[in-house]
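Me: Please take a close look at a single part of this model. Keep the account plain, and say how far it can be trusted.

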Amino acid sequence: EESGLSFTGKLSSAVGQTMSRLQKATASDVVSIFGIDQTFSEREAKIIQSLFQGKALAHHMEDQYYKGMGRAGGFLTMVGEELVY
């Protein structure tokens, strides 16, 4: 029975260590388990995050682009001014 307690104690310790590691794991750590490069997954996560936050569009869209698209759509205005049809 002593060896049973020792085994149970070791198993409990292993479970505790595993749970501690899982609580500290990041998403990139999890995908690296499946063989996906961690830097690649972090870069892709940043891209997806910027899409959801609207930063991706803001970084690619310039004021001149908005002005050109507005004029193409029939609006005669500058960025920051009220729309004139």
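Reply: The expected span of a helix is 1.5 Å times one less than its number of residues. Helices (H or I, at least four residues) and strands (E, at least two) are DSSP runs, numbered from the N terminus. The part chosen here is helix H3, residues 38–53. At 1.5 Å a residue, its 16 residues should span 22 Å, and the end C-alpha atoms lie 22 Å apart, so the two values agree. Just after H3 comes Gly54, with a positive phi of about 85°.

This is a predicted model in which local features need pLDDT of at least 70 and side-chain atom pairs count only at pLDDT 80 or more, while totals for chains, interfaces and linings use all residues. Residues are numbered from 1 along each chain as its sequence is written, and side-chain values use heavy atoms, with hydrogens and water left out.

On pLDDT (the predictor's confidence in each residue, from 0 to 100), H3 has the highest mean among the elements of the protein chain, 83. The lowest mean, 67, belongs to helix H4, residues 55–60. Where pLDDT is low, the predicted coordinates should not be read in detail. The protein chain averages 75, and 78% of the residues score at least 70.

As for the setting of H3, the protein chain has 5 helices and 0 strands, in the order α-α-α-α-α from the N terminus on. Of its 85 residues, 8% count as buried (under 20% relative accessible area, against over 50% for exposed and in between for partly exposed, with a 1.4 Å probe and protein chains only).
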